[in-house]
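Here is a short briefing to read alongside the coordinates. Have the viewer open, and take the topics in whatever order suits you.

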Amino acid sequence: MLINDCDLPLPTFRAMQKKTYVKLGDLSPSSIKMGIRQLLGNKRFKGGDQLASRQWRMYTGTLVHIGQQILLQDDPEFKCEIPMSVKFNDVSKFFKLPEDLTIGGTCDLLHIANNIYTVWDYKTLATVQMIDDEKIEGWTEQINIYRWLLIVTGTVPKVDHLYVDAFYIDWSPTKAIRSRDVNDIPCPTLTIPMWDRKKCEEVIYNKAMEYLKYKDSPWDEIPYCDDKARWYKPPKWSVCKVQPNGELGSQLKFCGFDNEEDANQKLMERIAKAKKDENFGIKKSGGESTMCKDWCDLARNGHCDFLSRNSE
Ligand code: SF4
């Protein structure tokens with residue numbers, strides 16, 4: 001049950017109480033791409049996410065989905081919000097689990113026209129940013145499992161294309177004009193590469209085996225999520241020009257280094273060759289687990305101590 005512990009406005013809180021999350025399986029395409037600790041923690045500490053962050057998710061992700069669904073409901077070419085679930089061992093051609101699990105999820109949108117089947121998934125991004133390879137990698141895994149589900153449940157005979165419709169929540173025309181890092185449109189389409197069936201089943205199987213191994217373990221014995229699931233980027237040190245306002249600008253060509261010593265050496269070389277009024281400095285980026293730091297409710301609510309133990 002939700003408790004309005006951060007004093008949200010009444011209409012907002014009522015709307016949130018109405019939003020229900022239907023569980024379609026032990027594992028879903030989105031939980032399969034999580035680290036094992038986050039996956040199991042989200043099940044164990046259900047409802048423990050912060051109300052404010054839940055509100056944010058509702059007014060971004062959920063309302064994008066609902067809006068598209070309402071607007072497309074009379075269009076015969078589109079099918080929105082398709083729920084699917086299946087027992088893995090009943091359909092897997094390549095792997096067998098020692099204990100069967102249900103895999104389930106809801107496909108955002110299917111477009112069928114001229115015998116071409118296209119799957120779309122909506123993604124809402126917190127901030128205007130270029131989409132990096134790691135993000136696309138995570139989406140590729142998730143959306144290919146939707147494709148697998150659509151086929152093995154007999155919902156469609158095939159899927160020809162996979163796309164992500166990426167909505168930037170804080171996009172504005174002004175930002176697009178002023179910054180070259182901002183897309184020209186607020187929801188660009190990304191083509192997602194398609195995996196073969198064996199690769200999909202292998203990914204599901206590996207996560208399912210990890211799930212079975214730890215699902216009844218004491219919380220302290222469940223390993224931290226791996227680098228990929230924590231969105232960890234190794235640190236980089238870059239030599240940058242100091243701007244007239246005193247801030248460091250973007251990095252100089254070929255001056256991004258994996259360690260601080262190399263960056264310092266390059267900095268000295270650049271300073272030695274600097275023209276009058278030119279100044280340089282070093283900027284550090286990465287070295288953080290963005291999922292733990294900014295997104296994981298288990299970290300925010302004190303259920304997972306990865307950040308304090310690893311003092312990033
Ligand atoms: S805080 Fe990080 S390591 Fe811990 S559950 Fe969340 S994502 Fe995983």
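Which residue in S2 stands opposite methionine 84? Glycine 105 is the residue that faces methionine 84. Before we go further, please keep in mind that this is a predicted model. The chain has 312 residues, and its secondary structure comprises 12 helices and 10 strands.

**The chain as a whole**

- Taken along the principal axes, the C-alpha atoms fill a box of roughly 70 × 50 × 50 Å.
- Buried residues make up 24% of the chain.
- If you look at contacts between residues at least 6 apart in sequence, 71% of them join residues at least 24 apart.
- Two domains are assigned: domain 1 covers 2-223, and domain 2 covers 236-285.
- The centres of domain 1 and domain 2, taken over C-alpha atoms, are separated by 40 Å.

**The sheet of five strands**

- Five strands form an open sheet with mixed pairing, in the order S1-S2-S3-S4-S5.
- At its edges are strand S1 (78-87) and strand S5 (189-191), each of which pairs on one side only.
- From one strand to the next, the twist averages 40 degrees.
- S1 and strand S2 (residues 102-113) are antiparallel partners, with 9 bridges between them.
- The pair from the opening question, methionine 84 and glycine 105 in S2, stand opposite each other.
- Helix H6 (residues 133-152) packs on this sheet and touches S1, S2, strand S3 (116-125), strand S4 (161-168) and S5.
- The direction of H6 makes about 140 degrees with that of S3.

**The sheet of three strands**

- A second group of strands forms an open sheet of 3, ordered S8-S7-S9, with antiparallel pairing.
- S8 and S9 each have a single partner strand, so one side of each is left without a neighbour in the sheet.
- Here the twist averages 45 degrees from one strand to the next.
- Strand S7 (residues 236-242) pairs with strand S9 (residues 280-285) over 6 bridges, in the antiparallel sense.
- Across that pairing, valine 239 stands opposite isoleucine 282 in S9.
- S7 also pairs with strand S8 (residues 248-257), again in the antiparallel sense, over 4 bridges.
- Serine 238 stands opposite glycine 256 in S8, while tryptophan 237 has phenylalanine 257 in S8 as its bridge partner.
- A hairpin is formed by S7 and S8, with 5 residues between them.
- In the turn of that hairpin, glycine 246 has a positive phi of about 90 degrees, a spot you may like to check in the viewer.
- Helix H9 (residues 260-272) lies across S7, S8 and S9, and runs at about 20 degrees to S7.

**Around the ligand**

- Which residues come nearest to the ligand? Of the 15 residues around it, they are Cys225, Cys292, Cys296, Ala299 and Cys304.
- Three helices each supply at least two residues of the shell: helix H3 (36-44), helix H10 (290-295) and helix H11 (297-300).
- H3 gives the most to the shell around the ligand, with 3 residues.
- Sorted by class, the shell around the ligand has 9 nonpolar, 4 polar and 2 charged residues.

Methods:
Residues are numbered from 1 along each chain as its sequence is written. This is a predicted model: local features need pLDDT of at least 70, side-chain atom pairs count only at pLDDT 80 or more; totals for chains, interfaces and linings use all residues. A residue is near a molecule or strand if its C-beta atom, placed from the backbone, lies within 6 Å of it. Ala, Val, Leu, Ile, Met, Phe, Trp, Tyr, Cys and Pro count as nonpolar, Asp, Glu, Lys and Arg as charged, and the others, Gly among them, as polar. Two strands pair if DSSP finds at least two bridges between them. Axes are lines fitted to C-alpha atoms, for helices over the stretch in contact, and angles run from 0 to 180 degrees between N-to-C directions. Two residues are in contact if their C-beta atoms, placed from the backbone, lie within 7 Å. A residue is buried if 20 or more other C-beta atoms lie within 10 Å of its own, exposed if 12 or fewer, and partly exposed in between; C-beta atoms are placed from the backbone. Domain bounds come from an automatic or database domain assignment.
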